[in-house]
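Let's walk through this structure together, going from a pair of helices to the core, the sheet and finally a single residue. Keep the 3D view open as you read.

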Amino acid sequence: MKWIRITPDKIVINRQKLNTSSTGGELLKEVYRNHIGGYPKFFKMDGLCRLGFVASELLLAQEQPRRTECEDRAVVLYNRTGSLCDDSEYQATIQDTADYYPSPAIFVYTLPNIVTGEISIRNKYYGETMFCVIPDFDPQVIVDGASDFFQDPMTRSALTGWLDCTDRDHYDALIVLVDKGDSEFTPERLAALHNL
């Protein structure tokens, strides 16, 4: 099982801390510029998509060789705020009736499942995708959700975990790449990683 933990002040990939000099939303931009690049759409994304994009790119880079164009990988993510980060920005564009301008660029991101689509499109994953909103980080729910997807004989691996973003500077991610039957993928292990 490979994993990545991202908070506004640090990124840890499989127990290795990534050297960075920024925090908050600038941290994600710094990491994109220094370690990912080549995907200009990144700068149009909302905070949740940026977080998911950076987390998945760094995590999937650990996979040797990196798998793309596969039908056997599910993308299953969870959070407690849905797309609140972007919903708030969109609401600001329609709040004032005298200066009413509903922004289509922001509206695109008013569904939390957009991030699972971004990850799947980028990597050409054709397996199941799902984004669920739950009350709090719950490792049992995450493990059970992936286990449900693994009931499908076609699904052999999953990119799953917690991806929450209240605004561009406040976020919390724990994403794992797990193969079907991986004995490390337990609620206890996820809880321990989330506490890092």
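This is a predicted model, and a good place to begin is where helix α2 (residues 47–60) packs with helix α5 (residues 114–123). Their axes lie 9 Å apart and make an angle of about 35°, and α2 passes α5 in a right-handed crossing. On the α2 side, the residues in contact are Leu-48, Cys-49, Gly-52, Phe-53, Ser-56, Glu-57 and Leu-60. They meet Ile-114, Val-115, Glu-118, Ile-119, Arg-122 and Asn-123 of α5. Sorted by class, this contact between α2 and α5 holds seven nonpolar, three polar and three charged residues.

From here, turn to the interior. In soluble globular proteins, nonpolar side chains tend to be buried together. The largest nonpolar core here has 37 residues, and the members that touch the most others are Ile-4, Ile-6, Ile-11 and Leu-58. Several elements supply at least two residues each, including β1 (2–7), β2 (10–13), α1 (24–36), β4 (73–79), β6 (157–167) and β7 (170–179). Which helix gives the most to this core? It is α2, with nine residues. To see one member in its setting, select Ile-6: beyond the four places on either side in sequence, Ile-6 touches Ile-11, Leu-28, Leu-51, Val-54, Ala-55, Tyr-171, Asp-172 and Ala-173. A second, separate core has 21 residues, among them Trp-3, Ile-134, Phe-150 and Phe-185.

Now for the sheet. It is open and built of seven strands in the order β3-β2-β1-β7-β6-β4-β5, with mixed pairing. Because β3 (16–17) and β5 (129–133) stand at the edges with a single partner strand each, one side of each has no neighbour in the sheet. The partnership of β2 and β3 is antiparallel and runs over two bridges; Val-12 has Lys-17 in β3 as its bridge partner. Helix α2 returns here, packing on the sheet and touching β1, β2, β4, β5, β6 and β7. The direction of α2 makes about 145° with that of β6. Another helix, α7 (residues 187–194), lies across β1, β6 and β7 and runs at about 145° to β7.

Let's finish in strand β7, with Val-176. Is Val-176 buried or exposed? Its relative accessibility is 1%, so Val-176 counts as buried. Apart from neighbours within four places in sequence, Val-176 contacts Met-1, Lys-2, Trp-3, Leu-59, Ala-158, Leu-159, Thr-160, Phe-185 and Leu-190. Val-176 and Ser-56 are 120 residues apart in sequence, while their C-alpha atoms are 8.9 Å apart in space. Ser-56 is one of the α2 residues that meet α5, which brings us back to the helix pair where we began.

How values were computed:
Residues numbered from 1 in each chain as written. Predicted model: local features only at pLDDT ≥ 70, side-chain atom pairs only at ≥ 80, totals over all residues. Heavy atoms only, no water. Axes fitted to C-alpha atoms, helices over the stretch in contact; angles between N-to-C directions. Helix = DSSP H or I, 4+ residues; strand = E, 2+ residues; numbered from the N terminus. Left-handed = near helix turned anticlockwise from the far one by under 90°. Contact = heavy atoms within 4.5 Å. Nonpolar A, V, L, I, M, F, W, Y, C, P; charged D, E, K, R; others polar. Core = buried A, V, L, I, M, F, W, Y, C linked by side-chain atoms within 4.5 Å. Buried < 20%, exposed > 50% of the residue type's maximum accessible area, 1.4 Å probe, protein only. Pairing = 2+ DSSP bridges.
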